[in-house]
Amino acid sequence: MSTVIRFGAMLGCIDGRCHGDDAAVAELQRRFGVGPVDRITEPAIIKILSGKDGAYQEFIGRKLMISLRSHNAECIGIVGHTGCAVNTVPDEEQIQQIKKSVLALKRWRDIYVPIIGLFVNEKGQCEVIVE
């Protein structure tokens, strides 16, 4: 009898505060009961996803589809964080970008899993911004 591994997917910045065994991964695991979380990383990913660069968004989308199709990821977390080296806007603006990113992903075709927006603050704590 084989064990079924339940995956999640996380779209986050390359900054180490957004991935690894941190609060954002733990939040996806706790909320959705998944084990491993596939990480799709790009500098300032929430700025990209909330913007109008269709080619770059498509590039990220292709990576996300690998997780969804090959690992049957059951949830997606979009993560921003304070102090981004590339997305140098205030936290409040990043939170708006996270909300826009979640809405944008919900409009993409072939995505039928829950998507949540997360923000990692200066203390390394993860806040759920949007579900």
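**Helix α4, the cores and the voids**

Modeller: In this predicted model, the buried residues of α4 are Gln94, Ile95, Gln97, Ile98, Ser101, Val102, Ala104 and Leu105.

Biologist: What makes those α4 residues buried?

Modeller: Buried means under 20% relative accessible area. Gln94, Ile95, Gln97, Ile98, Ser101, Val102, Ala104 and Leu105 are the α4 residues that count as buried. They pack against β1 (8-12), α2 (45-49), α3 (54-70), β3 (76-81), β4 (115-120) and β5 (126-130).

Biologist: How do you know that the span of α4 is close to the expected one?

Modeller: The expected span is 1.5 Å times one less than the number of residues. α4 covers residues 91-107, 17 residues in all. That gives an expected 24 Å, and the helix reaches 25 Å from first C-alpha to last.

Biologist: What makes the 22 residues a nonpolar core?

Modeller: Such a core needs buried nonpolar residues joined through side-chain atoms within 4.5 Å. The largest set of this kind has 22 residues. Leu11, Leu64, Ile76, Ile78, Leu105 and Ile111 touch the most other members. β1, α2, α3, β3, α4 and β4 each supply at least two residues of this core.

Biologist: Why is the group with Met10 called another core?

Modeller: A core is a set joined through side-chain atoms within 4.5 Å. The group with Met10 lies apart from the 22-residue core, so it counts as another. This other core has 12 residues, including Ala24, Val25 and Ile116.

Biologist: Which residues is leucine 11 in contact with, leaving aside neighbours within four places in sequence?

Modeller: Contact means heavy atoms within 4.5 Å. On that basis, leucine 11 contacts Ile40, Ile45, Leu49, Ile60, Leu64, Ile76, Gly77, Ile78, Val79 and Leu105.

Biologist: Why is the largest cavity called a cavity, and the largest pocket a pocket?

Modeller: In a cavity the probe fits but cannot get out, whereas a pocket is an open set. The search finds one cavity of 30 Å³ or more, with a volume of about 30 Å³. The largest pocket has a volume of about 260 Å³.

Biologist: What makes up the cavity lining by class?

Modeller: Six residues are nonpolar, four polar and none charged. Gln94, one of the buried residues of α4, is part of the lining. β3 gives the most, with three residues.

Biologist: How many charged residues does the pocket lining have?

Modeller: Asp, Glu, Lys and Arg count as charged. The lining includes Glu58, Arg62, Arg69, Arg109 and Asp110, so by that rule there are five charged residues. Three nonpolar and three polar residues complete the lining.

Terms used:
Residues numbered from 1 in each chain as written. Predicted model: local features only at pLDDT ≥ 70, side-chain atom pairs only at ≥ 80, totals over all residues. Heavy atoms only, no water. Helix = DSSP H or I, 4+ residues; strand = E, 2+ residues; numbered from the N terminus. Buried < 20%, exposed > 50% of the residue type's maximum accessible area, 1.4 Å probe, protein only. 1 Å grid on protein atoms, 1.4 Å probe; cavity = no way out; pocket = protein on both sides within 12 Å on 5 of 7 lines; lining within 4 Å. Points joined across faces, edges and corners; volume = space filled by probe spheres on them.
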